[in-house]
Amino acid sequence: MKIVFFGTPQFAVPTLEKLLNHPEFEVLAVVTQPDKRRERGNKLTPSPVKVVASNHHIPVWQPQRVKKHTETLTKLQQLEADVFVVVAYGQILSQKILDMPKLGCVNVHGSILPQYRGAAPIQWCIYNGEPETGITTMLMDVGMDTGAMLLKATTPIGLLDNAEDVAARLAEIGGDLLIETLLKLQNQEITATPQDDSAATYASLIQKQDYGLDWSKSAMQLHNQVRGFYPNCTATFRDQTLKITATVPLDAADKDELPPELQKIFQKVPNLANISGSPGEIVSIAKGIGAIVQTGEGLLLLREVQLAGKRPQSGWDFVNGTRLTVGEMLGNGD
């Protein structure tokens with residue numbers, strides 16, 4: 001099967017690698033986003049997909065707007081590929097492109113469709129506290145993740161999983177599911193199923209304002225925000241921005257989901273159930289672990305934070321380094 005691969009970030013890499021290592025498939029070319037300038041040194045940096053393709057000596061095309069780039073469109077047409085595989089490419093494909101391959105364009109999407117169509121399905125899924133997520137392969141149409149579905153695979157979301165953890169797991173699952181999908185398509189062993197649009201939800205691009213923490217929210221809501229939008233959520237501390245990158249909601253009902261070293265907190269602070277304060281207040285410090293914050297409902301452990309201009313540090317190092325005391329307040333993020 002002759003394939004053109006469209007993809008850009010690390011999430012797409014396992015799928016490309018599995019295609020390159022499979023005897024049934026030949027990757028003719030890779031289409032990825034143009035190199036981007038990174039903050040440090042302002043150097044042009046290739047996408048993770050481009051790096052892999054270049055290492056395998058696969059032709060790489062990087063049009064600014066693929067549906068308007070005549071040269072790329074001509075090359076795509078001339079390849080006469082069996083299928084285009086699309087994984088987090090980052091551009092909308094025109095109907096002209098979708099019609100080029102014999103079997104169509106197959107997308108690997110990071111949600112259980114029709115839930116969480118759009119740009120950030122993994123992040124919003126965690127933010128909303130979903131117990132599981134998954135991968136859907138589908139035949140693309142011109143809509144935003146509205147194409148007919150081919151195969152699905154699911155994975156549970158653990159209490160302490162963040163978006164990076166889940167994305168890495170889904171990337172591997174997606175690569176395997178894509179291989180299965182293509183083999184079944186090739187052998188005509190699969191029937192595409194239309195999505196139920198009435199059950200669809202949308203996962204929009206994450207905006208800067210989504211990162212700000214509001215301590216009047218519940219501990220679980222804040223925890224889901226921190227891990228869903230990892231590593232960018234912010235509060236304020238002593239009039240400076242404080243990134244909060246890992247938390248633990250201290251609800252006894254969730255105790256069994258915590259690793260043993262975190263379950264110890266219920267022994268270290270035996271009066272947890274009786275502690276209270278104002279939202280954002282440091283109400284206790286668990287020795288060797290970190291500070292505990294009062295929220296609008298429940299207590300939240302600060303497991304990892306990052307002070308402005310500093311590296312991420314453990315909650316306990318933060319307590320020691322700032323000489324944090326019970327009664328100090330954290331403000332809401334911007």
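Trainee: How many residues lie between β16 and β17 in their hairpin, and which residue in the turn has a positive phi?

Mentor: This is a predicted model, and in it β16 and β17 form a hairpin with 5 residues between them, while G309 in the turn takes a positive phi of about 80°. The general idea to keep in mind is that strands of a sheet pair through backbone hydrogen bonds, either parallel or antiparallel. Here β16 and strand β17 (residues 313–314) pair in the antiparallel sense over 2 bridges, and S314 in β17 is the bridge partner of E304.

Trainee: With which strand does β16 form a hairpin with 4 residues in between?

Mentor: That partner is β15, and in the turn of this hairpin G298 has a positive phi of about 95°. Strand β15 (residues 290–294) is joined to β16 in the antiparallel sense by 3 bridges, with L299 in β16 serving as the bridge partner of Q294. A further antiparallel pairing brings in strand β13 (residues 240–249), which is joined to strand β16 (residues 299–307) by 7 bridges; within that pairing, P249 stands opposite L300 in β16.

Trainee: In what order do the 7 strands of the open sheet follow one another?

Mentor: Reading across the open sheet, the order is β5-β2-β1-β6-β7-β9-β10, and the pairing is mixed. β5 (60–61) and β10 (149–156) stand at the edges, and because each has a single partner strand, one side of each is left without a neighbour in the sheet. At the β5 edge, strand β2 (residues 26–31) and β5 pair in the parallel sense over 2 bridges, and V30 stands opposite V60 in β5.

Trainee: Turning to helices, which residues of helix α3 are buried, and which are exposed on the other side?

Mentor: The buried residues of helix α3 (residues 70–79) are T72, L73 and L76. Seen down the axis of α3, these buried residues fall within an arc of 100°, so they line one face of the helix, whereas T70 and Q78 are exposed on the other side. The partners of the buried residues are β1, β2, β5, β6 and α4 (95–98), against which they pack. Just after α3, E80 takes a positive phi of about 50°.

Trainee: Against which elements do the buried residues of α1 pack?

Mentor: They pack against β1, β2, α2 (48–55), β6 and α6. The residues concerned, in helix α1 (residues 13–20), are V13, P14, T15, L16 and L19.

Trainee: Which residues touch the most other members of the largest nonpolar core?

Mentor: In this core of 64 residues, F5, L19, V85, L182, W215 and I244 touch the most other members. Helix α6 (residues 163–186) gives the most to the core, with 9 residues. To see how one such residue is surrounded, look at F5: leaving aside residues up to four places away in sequence, its contacts include A12, T15, L16 and L19, together with V27, V49, V85 and V87. Another core, of 18 residues, lies apart from the largest one, and among its members are V4, W61, A81 and L98.

Trainee: How is a pair of aromatic rings described, and how many aromatic pairs are counted here?

Mentor: A pair of aromatic rings is described by the distance of the centres and the angle of the planes. The count for this structure comes to 7 aromatic pairs. In the pair of F6 and F84, the ring centres are 5.3 Å apart and the planes stand at 45°, so the pair is tilted. The pair links distant parts of the chain, since F6 lies in strand β1 (residues 2–7) and F84 in strand β6 (residues 83–87), 78 residues apart. Both F6 and F84 are buried.

Trainee: What is the geometry of the pair formed by F237 and F318, and are these residues buried or exposed?

Mentor: F237 and F318 form an edge-to-face pair, with 5.1 Å from centre to centre and 65° between the planes. This pair, too, links distant parts of the chain, with F237 in strand β12 (residues 234–237) and F318 in helix α10 (residues 315–322), 81 residues apart. F237 counts as buried at 4% relative accessibility, and F318 is buried with a relative accessible area of 0%.

Trainee: Which residues form one aromatic cluster?

Mentor: W124, Y127, Y211 and F229 form one aromatic cluster.

Key:
Residues are numbered from 1 along each chain as its sequence is written. This is a predicted model: local features need pLDDT of at least 70, side-chain atom pairs count only at pLDDT 80 or more; totals for chains, interfaces and linings use all residues. Side-chain values use heavy atoms; hydrogens and water are left out. Two strands pair if DSSP finds at least two bridges between them. Rings of Phe, Tyr and Trp (its six-membered ring) pair if their centres lie within 6.5 Å; planes under 30 degrees apart count as stacked, over 60 as edge-to-face and the rest as tilted. Buried means under 20% relative accessible area, exposed over 50%, partly exposed in between (1.4 Å probe, protein chains only). The arc is that of the directions from the helix axis to the C-beta atoms. Contact means heavy atoms within 4.5 Å. A nonpolar core is a set of buried Ala, Val, Leu, Ile, Met, Phe, Trp, Tyr and Cys residues joined through side-chain atoms within 4.5 Å.
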